[in-house]
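Please examine the sequence and the structure shown below. This briefing is intended as a guide to selected features of the backbone and of the strands.

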Amino acid sequence: MAAQPLSRICWLLRSSARGCSSGVPGTQPSPREPSRPATEELSRRRQFLREHAAPFSAFLTDSFGRQHSYLRISLTEKCNLRCQYCMPEEGVPLTPKADLLTTEEILTLARLFVKQGVDKIRLTGGEPLIRRDVVDIVAQLHQLEGLKTIAVTTNGINLARLLPSLQKAGLNALNISLDTLVPAKFEFIVRRKGFHRVMEGIHKAIELGYNPVKVNCVVMRGLNEDELLNFVALTEGLPLDVRFIEYMPFDGNKWNFKKMVSYKEMVDTIRQRWPELEKLPEEKSSTAKAFRIPGFQGQISFITSMSEHFCGSCNRLRITADGNLKVCLFGNSEVSLRDHLRAGASEEELLTIIGAAVGRKKRQHAGMFNIAQMKNRPMILIGG
């Protein structure tokens, strides 16, 4: 399977970005500088807020002191691709529509979590952009006071068409899944066509000024580990953060330790080509170990869930499309917020239920070999 020439891919991405008014990919015209009095007033307000900040919600703080300010909400179990590491080849039984969260239930829960201190919400799936009211959901989330970031993780198939509307609605961060730069291999991995539509989505994100545009690549031995250097090369002239993800075990994805390419092995491979590769400071609660090559516009990152877990700084909670709260991606303990909502639970009762679940969160996950033996949902039914 011959790859589309890397130079061609880079040229396409750069060409699509030239529509930016500044002529530089990923940039927007500079706003007028605020006046000195306005700047001083803003500084005083920030200082006041720091000194009078309310303590973080006890309901979202676990027994190890981890504060959960990041909520991932799955909008749907459905997807228009069939990625090997996400969905079993035979598919998955879908939850009846009546048992999925309604739009109003999603927004009710989002408001509750934001009031308690969540400042970042990521919409996942399935594929979130196949949900018809996704733009409206983003617009309503954008109205929540205290919510700083609204993000989406998408396979990119519908992204080019929807992103202008999503950006206007308030979407300010996105991750796009792309595991290969070879069109024929793309079809093998996801069991569907669509490579060029994903590339078009990446083009559109750069054109609209998203910086960085995060590209998620699950690395699997014998399938795409030979493309590491080609993915890194994309960051030379483009505002991309290519995130290499260690292959993780979920129900039905036939995980095998021999298929997993570790973070250290990937770094060693890249350093053989670019010995100047440098590590960047780690952000608080980040899942990614970030690196850059001096002179490159973008960067690369590694999600090391298997070889070097980051449980100690985890700040994430998940709500599945059927309304279950998962406090750990790899844990099989869940509590139905949907059932309590529909039974008429008050806000205080919901917070008590959420707080109890968060309080039971373990110090760390069970380790890759134990996880592989545990019963858990397929990734598509969890939601990224």
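The points that follow concern a predicted model and are grouped by topic. They begin with strand β9, continue with its pairing partners and end with two cis peptide bonds.

**Strand β9 and its surroundings**
- Strand β9 comprises residues 299-303, and 4 of its 5 residues are buried, so the strand is largely enclosed by the rest of the structure.
- A residue is called buried here when its relative accessible area is under 20%.

**Pairing with strand β6**
- Strand β6, residues 240-246, runs parallel to β9, and the two are paired over 5 bridges.
- Within this pairing, Val 242 has Ile 300 of β9 as its bridge partner.

**Pairing with strand β8**
- Strand β8, residues 288-292, is antiparallel to β9 and is joined to it by 4 bridges.
- Lys 289 is matched with Phe 302 of β9 as its bridge partner.
- β8 and β9 form a hairpin with 6 residues between the strands, in which Gly 295 adopts a positive phi near 95°.
- For context, most residues other than glycine have a negative phi.

**Cis peptide bonds**
- Most peptide bonds are trans.
- Gly 125 and Gly 126 are nevertheless joined by a cis peptide bond, with omega about 20°.
- Gly 126 lies in the loop between β2 (120-124) and α4 (134-141).
- A cis peptide bond also leads from Asn 211 to Pro 212, where omega is near 5°.
- Pro 212 belongs to the loop between α7 (195-207) and β5 (213-219).

Conventions
Residues numbered from 1 in each chain as written. Predicted model: local features only at pLDDT ≥ 70, side-chain atom pairs only at ≥ 80, totals over all residues. Heavy atoms only, no water. Buried < 20%, exposed > 50% of the residue type's maximum accessible area, 1.4 Å probe, protein only. Pairing = 2+ DSSP bridges.
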